[in-house]
Amino acid sequence: GKGSAPTHEVPSLTYPELARRAFGPPSVLVDVGIAALQFGVCLTYLIFVPHNLAECASNILGMEIDKFYFLAFMILVEIPLGWIRDITRLTLTNVVATGLIVYGLFFVIVLAFVHGLGTVEDYDGTSRTVFAYNFDNLPAFNDSWFIFVGTSFFMMEGSITLVVPLQESIVNSEDRAAFPRGNRIVTAVIVAFYIAFSLVCCGAFGDEIHTALTASLDGTLATTIQLAYSVAVLLTFPLQAFPAMEVVHGYCSTPSHDTDNDMRSGGTDNVVRRRIVSTLTICILGMVAVSAIDYLGNVVSILGSLFGIPLALIVPPLMHNRLLVLDISRRTRYINYGIASVGFLATGAASLATIVTWDKEEDP
């Protein structure tokens with residue numbers, strides 16, 4: 001009305017927004033990196049689920065069905081799910097998926113303990129638990145140890161870019177101030193669980209453990225775990241792909257300024273365009289999955305190396321130097337450059353090592 005001042009929406013403080021403030025137009029590379037990492041997670045889903053479903057078909061039906069058929073099935077399921085624009089519609093599927101994942105994790109640990117507490121005959125004829133035997137015989141490092149570098153960054157892909165918006169979403173100033181300490185504690189607990197889970201499973205299955213852990217399990221209960229994880233991943237795929245799809249749509253869509261005709265013309269055109277882009281993107285991921293379906297460990301490692309390490313070690317310290325140019329000491333600035341340098345070296349070394357040995361690490 002008369003006398004009212006125009007309002008300008010302040011962009012929410014997110015990782016990409018900080019990058020735009022720090023680097024300007026080149027920050028598009030950060031958007032690309034985040035989207036690539038998110039799509040990379042979806043790619044691992046397209047590799048993981050066909051493996052599981054092929055195992056289930058073999059165990060339940062006694063049939064050897066090629067995993068490429070299951071990959072095609074998954075793509076056909078995910079294409080219409082990828083058209084969903086209202087993320088709240090994914091709430092129910094995400095809750096169901098979370099329940100299935102909890103079920104799978106619990107019984108994987110149960111099966112690992114049952115197997116690990118069994119007995120095996122040692123070289124000298126004495127009887128030992130499987131845990132004791134495997135821990136004594138597992139090498140501290142194997143020929144593919146470098147894959148862990150990229151994998152360790154890949155497993156934290158969610159927290160790398162979500163820490164800032166999570167803290168900004170806290171309304172109470174005291175709670176916001178306490179967020180960093182709380183986040184460190186939660187992250188430490190998660191990492192501790194990862195370590196404990198890995199130790200239990202490696203101790204139980206030894207050198208027969210598979211990259212897709214569910215393939216290391218046997219029996220009817222193992223088959224239900226494989227099915228549970230497969231359904232969970234099918235349901236979480238759209239939610240995982242959503243942020244990356246929004247980045248892609250942001251560059252592909254044309255804004256409609258006519259609000260009266262938005263849904264009739266420009267809005268409808270954008271909806272059609274979004275569906276085409278989503279379909280093409282999922283199909284492209286499917287084609288990549290076809291060529292990488294036997295290399296899950298390498299795929300995870302290369303994604304963490306090429307995108308996870310830069311987003312965690314290179315971009316944040318450089319943003320810190322650019323955004324707080326007048327408020328940080330020279331010592332802090334040099335420390336930031338040092339961290340970024342380590343990130344560059346780690347990115348190059350881990351990526352190169354994974355690529356050079358790609359064919360040598362085919363998953364069983």
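Buried means under 20% relative accessible area, exposed means over 50%, and partly exposed lies in between, with a 1.4 Å probe and protein chains only. Accessible areas come from the Shrake-Rupley method with a 1.4 Å probe, and for residues only the protein chains shown count as cover.

This is a predicted model, where local features need pLDDT of at least 70, side-chain atom pairs count only at pLDDT 80 or more, and totals for chains, interfaces and linings use all residues. Residues are numbered from 1 along each chain as its sequence is written, and side-chain values use heavy atoms, with hydrogens and water left out.

**Exercise 1. Describe the overall fold of the protein chain.**

Step 1. Use the DSSP runs: helices are H or I with at least four residues, strands are E with at least two, and both are numbered from the N terminus.
Step 2. The protein chain has 12 helices and two strands.
Step 3. Along the sequence, the pattern reads α-α-α-α-β-β-α-α-α-α-α-α-α-α.
Step 4. Along the principal axes, the C-alpha atoms fill a box of roughly 90 × 55 × 40 Å.
Step 5. Of the 364 residues in the protein chain, 38% are buried.

**Exercise 2. Work out the salt bridges of E17.**

Step 1. A salt bridge is a side-chain nitrogen of Lys or Arg within 4 Å of a carboxyl oxygen of Asp or Glu. Side chains of opposite charge can pair when their charged atoms come close.
Step 2. E17 bridges to R20, with the closest N and O atoms 3.4 Å apart. Both residues lie in helix α1 (residues 15-23), three residues apart, about one turn of the helix.
Step 3. E17 also bridges to R21, at 3.1 Å between the closest N and O atoms. E17 and R21 are separated by about one helical turn because they are four residues apart in helix α1.
Step 4. Check the exposure. E17 is buried at 11% relative accessibility. R20 is partly exposed at 37%, and R21 is partly exposed at 46%.

**Exercise 3. Find a salt bridge at D136, then count the salt bridges in the whole structure.**

Step 1. D136 pairs with R128, and their closest N and O atoms are 2.2 Å apart.
Step 2. D136 is exposed at 51% relative accessibility, whereas R128 is partly exposed at 22%.
Step 3. Shared partners join E17, R20, R21 and D31 into one network of salt bridges.
Step 4. The search of the whole structure finds six salt bridges.

**Exercise 4. Decide whether C56 and C283 are in disulfides.**

Step 1. A disulfide is a pair of cysteine sulfur atoms within 2.5 Å.
Step 2. The closest cysteine sulfur to that of C56 is in C201, 18 Å away, so the pair is too far apart for a bond. C56 is buried, with a relative accessible area of 3%.
Step 3. C283 is in no disulfide either, as its nearest cysteine sulfur, that of C42, is 14 Å away. C283 is partly exposed at 29%.
Step 4. The whole structure has zero disulfides.

**Exercise 5. Trace helix α11.**

Step 1. The expected span of a helix is 1.5 Å times one less than its number of residues.
Step 2. Helix α11 (residues 296-323) has 28 residues and reaches 38 Å from first C-alpha to last, close to the 40 Å expected.
Step 3. The bend at a residue is the angle between axes fitted to the seven residues ending there and the seven starting there. Helix α11 bends by about 45° at P310.
Step 4. L318 lies in helix α11 and is partly exposed at 23%.
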